[in-house]
Amino acid sequence: MSAPALQLVDLHKSFGVTPIIRGVSLDVALGERHAIIGPNGAGKSTLFHLISGRFPATSGKVLLKGGDITGLPPYLINRRGLSRSFQVTNIFPRLSVFENIRCGVLWSLGYRYSFWHLIERLRDARERAESILEQINLAARRDVQAGLLSYAEQRALEIGITIAGGADVIMLDEPTAGMNRSETEHAVELIRRVSEGKTLVVVEHDMSVVFDLADRISVLVYGQVIASDTPERIRANPAVREAYLGTAASLEHADA
Ligand SMILES: Nc1ncnc2c1ncn2[C@@H]1O[C@H](COP(=O)(O)OP(=O)(O)OP(=O)(O)O)[C@@H](O)[C@H]1O
Ligand SMILES: [Mg+2]
C-alpha cells in the first residue's frame, strides 16, 4: 500500500509560551480532498504554515508521500510536490496574468539549468502557462495586469500560480473567502477541476463548499483535531455540533 499524501504526527507549535497547535496527528490519503474547518483562531493557517515549511514546528513530524519533510525550507517542500496558497491573495499585481502563471511554472523548474536548457524550458513554461490559463478560465485576460483583475479573478489566478509547478499535493487557505454565491460556485468548480487526480487540503469557512468538495473533513478547535471523518459523520458528530453551536444551522443546511 502506498504512503498517505500527507501525515502529521503529533505536531506542536507555540508562539512564545502560547501553544497554538497542540498535538495534531492526521493522515490525508493520496487523491483525497480533505477540508479543515474550525473557528477563527483555531490554528488552521498556522497548521498550513507548519506543513509548507513557512514556520518550523515546535515538535512533531510532517511526512509528504512517506518522506520526512519536517524542518525543510518551503522551496524544497515545494519541489517534492506540495504547493499552497495563502489566506490573503498573493499575486504579482504589476505583472500580467500570463507572467504571473509563468513565474509559478519557472520557479518550480529551479535554477539548475544552463542557458540552452533555459531557452527550451521557457518554451515549455509558455505552453504550460497557456494551458493553466485555460484551466482557470483566464485565457481571455492573459495580458491584463493582475492587479486590475476582479477579486474573484485574482483568487482564481492565485490558484493557477499554486498549481503551476505541477505539485500533486495542493493546499488552499480559504479560497472562496469574500466571494458571493455565484463566484463561490465557480471557484468550487475550478478547485474540483484543478485538483482532479491530485490530493487537496483546503481550509474553508463556507460549509456548503466544504460539504460539496470534501471526501473527508477535520475539525480543528483550539489547536487540536476534535474529529476527522466523512462529511456525513462530521455532520452528525455531537462534539462538532457543540463546537459549532452557533452555526449548527449551517451544518444542517450545508448541502441545501
Ligand atoms: N506569527 C504569529 N505570532 C504569534 N501568534 C500568532 C502568529 N500567527 C498566528 N498566531 C496566533 O495563533 C492563533 C491561530 O491563528 P491562525 O491564523 O492559525 O488561525 P486560523 O484558524 O487560521 O483563523 P482564521 O479562521 O481567522 O483564519 C491566533 O490566536 C493567532 O493570533
Ligand atoms: Mg486562517
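This report walks through a predicted model, from a sheet and the helix across it to a ligand shell and two buried residues.

**The sheet**

Let's start with the open sheet, which has 4 strands in the order 2-1-4-5 with antiparallel pairing. Its edges are strand 2 (18–28) and strand 5 (67–68), each of which pairs on one side only.

The table below lists the strand pairs, with the bridges that join them and one pair of facing residues for each.

| Strand pair | Direction | Bridges | Facing residues |
|---|---|---|---|
| strand 1 and strand 2 | antiparallel | 8 bridges | Leu 6 and Val 28 |
| strand 1 and strand 4 | antiparallel | 5 bridges | His 12 and Ser 59 |
| strand 4 and strand 5 | antiparallel | 2 bridges | Leu 63 and Asp 68 |

Strand 1 and strand 2 form a hairpin with 2 residues between the strands. If you look at the backbone there, you will find that Gly 16 takes a positive phi near 60 degrees. Strand 4, which has strand 5 as an antiparallel partner, covers residues 59–64.

**The helix across the sheet**

Helix 1 (residues 44–52) lies across strand 1 (6–15), strand 2 and strand 4. The angle between helix 1 and strand 2 is about 65 degrees.

Why is helix 1 described as largely enclosed by the rest of the structure? The reason is that 8 of its 9 residues are buried. Those buried residues are Lys 44, Thr 46, Leu 47, Phe 48, His 49, Leu 50, Ile 51 and Ser 52. Just after helix 1 comes Gly 53, with a positive phi near 90 degrees.

**The shell around ligand 1**

Helix 1 also matters for the next stop on the tour: with 3 residues, helix 1 gives the most to the shell around ligand 1. The residues surrounding ligand 1 include Lys 44, Ser 45 and Thr 46. Also in the shell are Gly 38, Asn 40, Gly 41, Ala 42 and Gly 43, along with Phe 15, Ile 20 and Gln 87. By class, the shell around ligand 1 divides into 3 nonpolar residues, 7 polar residues and 1 charged residue.

**Two buried residues**

Now for two residues elsewhere in the chain. Val 219 sits in strand 9 (residues 216–221). Is Val 219 buried or exposed? Val 219 counts as buried because it has 22 C-beta neighbours inside 10 Å, and the cut-off for a buried residue is 20 or more.

Leaving out residues up to four places away in sequence, Val 219 touches Ile 37, Gly 38, Val 225, Ile 226, Ala 227, Ile 234, Val 240 and Ala 243. One of these, Gly 38, is also among the residues that surround ligand 1. Val 219 and Pro 56 are 163 residues apart in sequence, and their C-alpha atoms are 22 Å apart in space.

Ala 164 belongs to helix 5 (residues 151–164). Ala 164 is counted as buried too, because 23 C-beta neighbours lie inside 10 Å.

Which residues is Ala 164 in contact with, leaving aside its neighbours within four places in sequence? They are Ile 101, Gly 104, Val 105, Ser 108 and Ile 132. Trp 107 is 57 residues from Ala 164 along the chain, and 9.1 Å separates the C-alpha atoms of the two.

Conventions: Residues are numbered from 1 along each chain as its sequence is written. Chains are lettered from A and ligands numbered from 1 in the order in which they are written. This is a predicted model: local features need pLDDT of at least 70, side-chain atom pairs count only at pLDDT 80 or more; totals for chains, interfaces and linings use all residues. Two strands pair if DSSP finds at least two bridges between them. Two residues are in contact if their C-beta atoms, placed from the backbone, lie within 7 Å. Axes are lines fitted to C-alpha atoms, for helices over the stretch in contact, and angles run from 0 to 180 degrees between N-to-C directions. A residue is buried if 20 or more other C-beta atoms lie within 10 Å of its own, exposed if 12 or fewer, and partly exposed in between; C-beta atoms are placed from the backbone. A residue is near a molecule or strand if its C-beta atom, placed from the backbone, lies within 6 Å of it. Ala, Val, Leu, Ile, Met, Phe, Trp, Tyr, Cys and Pro count as nonpolar, Asp, Glu, Lys and Arg as charged, and the others, Gly among them, as polar.
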